[in-house]
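Here are a few notes to read alongside the model, for anyone opening it for the first time. Keep the 3D view open while you go through the points.

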Amino acid sequence: MEEAAGNAVLEVGKCLAAPIGRQFMYLYNYKSNFENLEKEIIELKDARDDVKHKVVAAEKNVEKIKQKVKDWQRGVDSILDEAEKLIQEKTNSRCFNLITCYKNSRKASKMVEAVTEILREKETFSEVSLPSTHEDIRLTNKDYEEFESRLSTLKGVLNAVEDAEVGIIGVYGMGGIGKTTLVKEVGQQAKKKQLLDELVFVEVSDKPDTKKIQDELANQLSLKFEPEGERASKLYARLKTDKKILVILDNIWEQLNLEALGIPCGDDRGGCKVLLTARYLNVLPSMDSVKYFQVGFLTEEEAWSLFKKMAGN
């Protein structure tokens, strides 16, 4: 019985000794705890400034900042505010009060742990923003007018976009007749009908610039070319996926080498389709377009209606 009682007292003593020992260490490490805290605060401020710089750059690029990055920034501001108040309190304290020293040292020790944890959290996000998912402004089509004479062409192009066997589609007609407006509407309706996962639009012009076309495509696809030597292959890999992607190449004047640009075509195109517009029909077969549609003149009534709308009162 006496031995059992002695063991019980010993265990109780151990339980009491542990917290007492920790309390003593807070007093003993008073100076070092604050020194550690000040070092950690300097490191945290550097990390805060680094993230802030990336956030500002992303915002200027119209990118959406990740929510966990915003939460991290708020957490950092809160910790820095508390830490600076604690350090200021320690600086202003003139009398040596054991209880005050114990409490402040304990706070400093806990705060060092919190700073270490939030610095570790920063390493979990390599990017501060989400890939841009907004539609390119060039795809807006507010001026589209639904004319009876164009409905059959619109439906024909939409059906070709939906046809899994068709890879390259062409639209042709004289300059200013409304080809661009029509293909933009095709893209918008295809998106609404969920025929597409992604839609990109690039104006080629009569003097095609390979690098510029690639840059336009990459920008809309949130793709970064690193290193520069792999532009076509990286773009090719991005477009050749299971996703249904429609690439609209507007205003083609001459034959383009799609594969050299990085645009998959033929049997090796995955879910990628290409929609071309050109003034002249002969350009489209040279680009292996299997289906092409002519945009003809409006009827006299349609033309007058459009003229009145554009001219205004």
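1. Start with Phe-201, whose bridge partner in β5 is Ile-248. Seven bridges hold β4 and β5 (residues 245–252) together, and the two strands run parallel. Bear in mind throughout that this is a predicted model.

2. Now zoom out to the sheet around that pair. Five strands make up an open sheet, paired in parallel and ordered β4-β5-β6-β3-β7. Why do β4 and β7 each have one side left without a neighbour in the sheet? Both β4 (198–205) and β7 (291–294) stand at the edges with a single partner strand, so there is nothing in the sheet on the other side. On average, neighbouring strands here are turned by 15° against each other, if you ignore direction. As a general reminder, strands of a sheet pair through backbone hydrogen bonds, in either a parallel or an antiparallel way.

3. Next, look for helix α6, residues 179–192. This helix lies across β3 (168–172), β4, β5 and β6 (272–278). Relative to β4, α6 runs at about 170°.

4. Leu-276 is worth a click. You'll find Leu-276 in strand β6. Is this residue buried or exposed? Leu-276 is buried, because its relative accessible area is 0%, and the cut-off for buried is under 20%. Leaving out residues up to four places away in sequence, Leu-276 touches Ile-168, Ile-169, Gly-170, Val-171, Leu-249, Ile-252, Leu-284 and Met-287. One of these, Val-171, is 105 residues away along the chain, yet the two C-alpha atoms are separated by 6.1 Å.

5. A word on the cysteines. How many disulfides does the structure hold? Zero. Take Cys-272: the closest cysteine sulfur belongs to Cys-265 and is 8.6 Å away, so the two are too far apart for a bond; a disulfide would need the sulfur atoms within 2.5 Å. Cys-272 is buried, with a relative accessible area of 0%. Cys-101 is buried as well, at 8%.

6. Finally, the whole-protein numbers. The protein has eleven helices and seven strands. Of its 313 residues, 38% are buried. Among contacts with a separation of 6 or more, 79% are between residues 24 or more positions apart. The accessible surface adds up to about 19500 Å², and carbon and sulfur atoms account for 51% of that.

Methods
Residues numbered from 1 in each chain as written. Predicted model: local features only at pLDDT ≥ 70, side-chain atom pairs only at ≥ 80, totals over all residues. Heavy atoms only, no water. Pairing = 2+ DSSP bridges. Helix = DSSP H or I, 4+ residues; strand = E, 2+ residues; numbered from the N terminus. Axes fitted to C-alpha atoms, helices over the stretch in contact; angles between N-to-C directions. Contact = heavy atoms within 4.5 Å. Buried < 20%, exposed > 50% of the residue type's maximum accessible area, 1.4 Å probe, protein only. Areas by Shrake-Rupley, 256 points an atom, 1.4 Å probe, with all protein chains shown as cover.
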